Amino acid sequence: MYPPNFEHVRATSLDEALKLLSSRDDSAPLAGGQSLIPLLKLRAVSYGLLVDISRLSELRYARYGEVVELGALTRHFELEESPCPFLRQVASRIGDVQIRSLGTLGGSLAHADPFGDWPAAMLALGGVVKIIGPGGRREVEAEKFFKGAYSTALERGELVAGVAFKCPQRGAYVKFSRRHNDFALAAVAVTGEVKEGRVFNVKIAALGAADRPVRLRKAEAVLEGAPLRPEVIDEAVEAARREANPPSDFRASAEYRRHLIGVALRRALGRL
C-alpha cells in the first residue's frame, strides 16, 4: 500500500527543523522511519509535511560516564555494542537487522508504542527524556513522558533531543513475542544493585501490563533490600501479576499476558 502524498524537506540544522515543524499543523519529524512509514502506508496517519532530521549532528551523540547521555538519532544497532550491558540486551531484541540499522532511539520514544522496547528500558533506567522545541529545552522523567498508547508529553513542534540515565550495576531484559524479536506480547526490564545477595534500588518496568509501559512498584517493594531467595522471587512474581492490568487483543489475552509477565520477571531476576 502506498502512503498519502506528502512534502519531504531535509532539515540542515536543528533550528530549521524546529521552524518547519512549528510552521504547519500537519507536519511530523522523520528520523529512521521504521515506525512512521508503515503507519503512513497503512493510512493510519496522514501528514502533509515530513521534516527529515536524520542528518542532524546535534542529535547524534553517545557519551558514557557517570551519567550516560544518548542523542535521539542514536540507532538501535549502535547500542548492540554499548559499554552499558543493559543497553546491549535491549538493543539486540529489537526487530531485524534492517530495523536496528535504521531505527532510532528518539523515534522509538516519541512513537511510544505500548509494546516498544526502549520505552520500557527508559522506565527501568529511571531515565530523563530531553526535549527541544520552539519554547526552548526541557527535561521530563521517563515515567511522566509516556501518557498512554502512542501518546507522550511532547507538545506541538517539539522533538526528543536525547536521554540521560545512569548505567545500572545489574540489569536484565526478558521479552516474549510471537516471532523472534517481534513486538512484545509481554516483557520485563529490571535494573538494580546486588550487594551481599540482596537487591537494592530495584526498578521493574513491564510491557503488556497496561496501555503503556509501566513500573511495577508493588513487586519492587517486595524485592527492595531483600535477598534474592526463591520465596522472595515467588512473592515478587505474584505481586507483579496482581498489579498488572494487561490488555486483550488478537495477539494475546489479558490472562496470558499476566502469566508471561510473571515468567519474564522470574527469569529477569535470575539474571541479575
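A salt bridge is a side-chain nitrogen of Lys or Arg within 4 Å of a carboxyl oxygen of Asp or Glu. Keep that in mind for the close-up views below, which come from a predicted model.

**View 1. Glu69 and Arg63 form a salt bridge.** Look for the closest N and O atoms of this pair, which are 3.8 Å apart. That distance fits the 4 Å cut-off, so the pair counts. How exposed are the two partners, Glu69 and Arg63? Glu69 has 24% relative accessibility and counts as partly exposed. Arg63 is partly exposed as well, with a relative accessible area of 43%. This is one of 20 salt bridges in the structure.

**View 2. Glu143 and Arg217 join two helices through a salt bridge.** Here the closest N and O atoms lie 2.5 Å apart. Which parts of the chain does the pair link? Glu143 belongs to helix α8 (residues 142-145), while Arg217 sits in helix α9 (residues 217-223). The two residues are 74 residues apart, so you are seeing distant parts of the chain linked. Glu143 is partly exposed at 37% relative accessibility, and Arg217 is partly exposed with a relative accessible area of 41%.

**View 3. Glu193 and Lys195 meet through their side chains.** Their salt bridge spans 3.5 Å from N to O. Glu193 has a relative accessible area of 24%, which makes this residue partly exposed. For Lys195 the value is 46%, again partly exposed. Elsewhere, salt bridges with shared partners tie Glu143, Arg215, Arg217 and Glu220 into one network. In general, side chains of opposite charge can pair when their charged atoms come close.

**View 4. Four strands build an open sheet.** Follow the strands in the order β11-β12-β13-β14, and you will find antiparallel pairing. Which strands form the edges? They are β11 (170-177) and β14 (214-215), each pairing on one side only. As a reminder, strands of a sheet pair through backbone hydrogen bonds, either parallel or antiparallel.

**View 5. Strand β13 pairs with β14.** Now take a look at residues 198-207, which make up β13. How many bridges connect β13 and β14? There are two, and the strands run in the antiparallel sense. Ala205 stands opposite Arg215 in β14. You have already met Arg215 as a member of the salt-bridge network.

**View 6. Helix α11 lies across three strands.** This helix covers residues 254-270 and lies across β11, β12 (184-195) and β13. At what angle does α11 run to β12? The angle is about 30°.

Terms used
Residues numbered from 1 in each chain as written. Predicted model: local features only at pLDDT ≥ 70, side-chain atom pairs only at ≥ 80, totals over all residues. Heavy atoms only, no water. Pairing = 2+ DSSP bridges. Contact = heavy atoms within 4.5 Å. Axes fitted to C-alpha atoms, helices over the stretch in contact; angles between N-to-C directions. Buried < 20%, exposed > 50% of the residue type's maximum accessible area, 1.4 Å probe, protein only.
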